Amino acid sequence: MDVIIPYFQESPGILARALRSVGTQTGIADLQIEVYVVDDHSPRPAALELTGIVLPDHVRLHLIEQRNGGPGAARNSGLDAADRAGKAEFVAFLDSDDEWEPHHLSDAIDALRYGYDFYFCDTSRPGFFEAYTDQIPLFREGGQKLSRLSELLNEHGPVRGFEPHALSDIFFEYCPCHTSSVVMRRNAIGSLRFDTSLRNAGEDWMFWLRVEKAGARVAISWKRNSRSGEGVNIFFKSLDWDTPGTIKRIGCKYLFSLKLKMIASTSQKDAAAAMQTKYRRAFSYLFARNVMKFRAIPVGLSREIIRRDPAILLMMPFLFAKVFLTKCTSEKEW
């Protein structure tokens, strides 16, 4: 089992907490775990955090240090290193400020050994949601509305298995899972990597979409085996319009919508177009607002957006005026 942990934190003790949750996994004593911690030029170096860490004999740590490239780039470095080792059947993802419940990996392996490729469980984020599955209408109440599309693998949870493409429309409309809840078969990933241009939002969602579209059999557990903690989070710390990172997050969502349109099926085109309209409007507003307030503009991201959607240059003044006049200054509007 390979575990990929991207690391970029400011406070001490956060990584140690995540690693303890790996070391205390139950029911897998005979499983060798290779943990790849990727220090993405963190303000607090990972090497400091790893000093004195004691883990069981079957858990081995590998530290990779690199120039800052964002969470997707860090995960890609971990995947590349794991590929070079080339031994593990499964790959799990864990963000450095998150934790696993003790039976997370054993539950995942039990489900994947039914012949599934892509497993994820429910997760909680204190202050935002108690259960991520409640954020997706068809995932609520243990996914009962999906019972006809699934095989019940375990009534405790429950855990449901789906054939290829059974969840395509759900994956397209919603990010189906939190990264730290995912465990996959290595061969389902292959050469696929996270999209590093979606640095502030969407890189994980695009990854899950591409795995699902490639025909992965998906298993979902409604057990909350993953728990999000409080650390540096470039998405959740930029939810306010006046936060400097907000334009990057909205810009990445806009870029995501442009890329999503390219892979949409015929039945998904309208949803992709609606998302593009929504984030084109929001990005135009924030871009013009930042210019007027002499705030920084994400040059590289803006250039990529304009390259893919040159019409935005003509539309931007009108979109800004529309948002300004209706006073849509809350993220909930988008």
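Buried means under 20% relative accessible area, and exposed means over 50%, with partly exposed in between. Keep that in mind as you work through these exercises on the predicted model above.

**Exercise 1. Is Val211 buried or exposed, and what does it touch?**

Step 1: Find the residue. Val211 sits in helix H8, which covers residues 203–213.

Step 2: Apply the cut-off. The relative accessible area of Val211 is 2%, so this residue is buried.

Step 3: List the partners. Setting aside neighbours within four places in sequence, Val211 is in contact with Phe118, Met184, Ala188, Leu192 and Ala216.

Step 4: Look at a residue that is not on that list. Pro126 is 85 residues from Val211 in sequence, and their C-alpha atoms are 28 Å apart in space.

**Exercise 2. Describe the protein as a whole, starting with its helices and strands.**

Step 1: Take the elements. There are 12 helices and 10 strands in the protein.

Step 2: Judge the compactness. The radius of gyration is 20 Å, close to the 20 Å that the globule rule gives for 334 residues, so the protein is as compact as a globular protein of that length.

Step 3: Box it in. Along the principal axes, the C-alpha atoms fill a box of roughly 60 × 50 × 35 Å.

Step 4: Turn to burial and surface. Of the 334 residues, 56% count as buried. The accessible surface comes to about 15500 Å², and 53% of this area belongs to carbon and sulfur atoms.

Step 5: Check how the chain meets itself. Taking contacts between residues at least 6 apart in sequence, 80% join residues at least 24 apart.

Step 6: Place the charges. The protein has 43 positive and 41 negative charges, and the mean positions of the two sets are 8 Å apart.

**Exercise 3. Why do Cys121 and Cys252 form no disulfide?**

Step 1: Recall the cut-off: a disulfide needs two cysteine sulfur atoms within 2.5 Å.

Step 2: Test Cys121. The closest cysteine sulfur, in Cys177, is 9.0 Å from the sulfur of Cys121, which is too far for a bond.

Step 3: Test Cys252. Here the closest cysteine sulfur belongs to Cys175, and at 14 Å it is also too far for a bond.

Step 4: Give the total for the protein. The count is 0 disulfides.

Step 5: Add the surroundings. Cys121 is buried, with a relative accessible area of 4%, and Cys252 is buried at 2%.

**Exercise 4. How many residues of helix H4 are buried, and what does this say about its setting?**

Step 1: Count. Helix H4 spans residues 104–112, and 8 of its 9 residues are buried.

Step 2: Name them. The buried residues are His104, Leu105, Ser106, Asp107, Ala108, Ile109, Ala111 and Leu112.

Step 3: Conclude. With 8 of 9 residues buried, H4 is largely enclosed by the rest of the structure.

Step 4: Follow one contact outwards. His104 is among the residues touched by Ser180, which lies in the loop between helix H6 (168–173) and strand S9 (182–185).

Step 5: Complete the picture of Ser180. At 0% relative accessibility, Ser180 counts as buried. Beyond residues up to four places away in sequence, Ser180 also touches Phe93, Leu94, Asp95, Asp98, Trp100 and Ser226.

**Exercise 5. Is Pro12 buried or exposed, and which residues does it touch?**

Step 1: Locate Pro12. This residue is in the loop between strand S1 (2–7) and helix H1 (14–23).

Step 2: Apply the cut-off. Pro12 has 56% relative accessibility, so it counts as exposed.

Step 3: Find the contacts. Leaving out residues up to four places away in sequence, Pro12 touches Arg44 and Glu49.

Step 4: Compare chain and space. Pro12 and Arg44 are 32 residues apart along the chain, while their C-alpha atoms are separated by 7.3 Å.

**Exercise 6. What is notable about the backbone at Pro158, Glu141 and His165?**

Step 1: Begin with Pro158, in the loop between strand S7 (150–154) and strand S8 (159–162). The peptide bond from Gly157 to Pro158 is cis, with omega near -15°.

Step 2: Move to Glu141, in helix H5 (residues 140–143). Its phi is positive, about 55°, although Glu141 is not a glycine. Glu141 is exposed, with a relative accessible area of 60%.

Step 3: Finish with His165, in the loop between S8 and H6. Phi of His165 is near 70°, a positive value in a residue other than glycine. His165 counts as partly exposed, at 42% relative accessibility.

Definitions and conventions
Residues numbered from 1 in each chain as written. Predicted model: local features only at pLDDT ≥ 70, side-chain atom pairs only at ≥ 80, totals over all residues. Heavy atoms only, no water. Helix = DSSP H or I, 4+ residues; strand = E, 2+ residues; numbered from the N terminus. Rg over C-alpha atoms; globule rule 2.2 N^0.38 Å. Buried < 20%, exposed > 50% of the residue type's maximum accessible area, 1.4 Å probe, protein only. Contact = heavy atoms within 4.5 Å. Areas by Shrake-Rupley, 256 points an atom, 1.4 Å probe, with all protein chains shown as cover. Lys, Arg positive; Asp, Glu negative; His and termini not counted. Charge placed at Lys NZ, Arg CZ, Asp CG, Glu CD.
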